[in-house]
Amino acid sequence: MRLEKCYYCSSPVYPGHGTMFVRNDCKTFMFCRSKCNRNFKRKRNPRKAKWTKAFRKSSGKELAIDPAFEFEKRRYVPVKYDRELWQKTVATMKKVEEIKNKRQNQFIMNRLKKGKELRKEADIKEVQKNISLIKSPAATTARLEQKLVQVIREDSDVEME
């Protein structure tokens, strides 16, 4: 069972699903749904459609460069069946998938961390700008009373000397 990738949006196309378009030069294009096929025929750029993987990678929302992606490439060299090699390959595929998931999660967390810092800075600026709304008038009058008491005590200390 071979899972193809949609030429337009890069989602998986399962056997028996989707549409295949064959151009005059024998290049084949698989599409997962008619939406992708229509956009391709209208010559729309997948990097500009916000719902495609190409857009997410080009705008920095998804991990674009990673050595783990090299393992997903097709190899057209036929290999003689060997049970041990097959078992090692399956085990390696699982490890590569785990590594790829960890890296993607780390990438997402780093991306979200920047936004969190920006929101925190914006909140601090807003608080500093509108500090008068936060401070209660009673707190300011209590401070003024304390300052007046200190000034009166200093004056009385100066007079006594």
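Trainee: Why is C36 called buried?

Mentor: C36 has a relative accessible area of 0%, and buried means under 20%, with over 50% being exposed and anything in between partly exposed (1.4 Å probe, protein chains only), so C36 counts as buried. Bear in mind that this is a predicted model, in which local features need pLDDT of at least 70, side-chain atom pairs count only at pLDDT 80 or more, and totals for chains, interfaces and linings use all residues. Residues are numbered from 1 along each chain as its sequence is written, and side-chain values use heavy atoms, with hydrogens and water left out.

Trainee: What makes N37 buried or exposed?

Mentor: Its relative accessible area is 12%, so N37 is buried. N37 lies in helix α1; helices (H or I, at least four residues) and strands (E, at least two) are DSSP runs, numbered from the N terminus. Leaving aside residues up to four places away in sequence, N37 touches T19 and F31, where contact means heavy atoms within 4.5 Å.

Trainee: How do you know on which side of α1 the buried residues lie?

Mentor: In α1 (residues 34-41), the buried residues are C36, N37, N39 and F40. They cover an arc of only 165 degrees around the axis, which puts them on the same side of α1; the arc is that of the directions from the helix axis to the C-beta atoms. As background, an α-helix has 3.6 residues a turn, so residues three or four places apart point the same way. The buried residues of α1 pack against β3 (19-22) and β4 (28-31).

Trainee: Why is there no disulfide between C32 and C9?

Mentor: A disulfide is a pair of cysteine sulfur atoms within 2.5 Å. The closest cysteine sulfur to that of C32 is in C9, 3.5 Å away, so the pair is too far apart for a bond. For C36, the closest cysteine sulfur is also in C9, at 3.6 Å, again too far for a bond. The structure holds zero disulfides.

Trainee: And why does I134 count as exposed?

Mentor: I134 has 55% relative accessibility, so I134 counts as exposed. I134 sits in helix α4, and together with V127, I131 and L133 forms a nonpolar patch on the surface.

Trainee: Which helix gives the most to that nonpolar patch?

Mentor: Helix α4 (residues 131-134) does, with three residues.

Methods: Patch = residues over 30% accessible without salt bridge, like charges linked within 9 Å, V, L, I, M, F, W, Y side chains within 5 Å. Areas by Shrake-Rupley, 256 points an atom, 1.4 Å probe, with all protein chains shown as cover. Salt bridge = Lys/Arg side-chain N within 4 Å of Asp/Glu carboxyl O.
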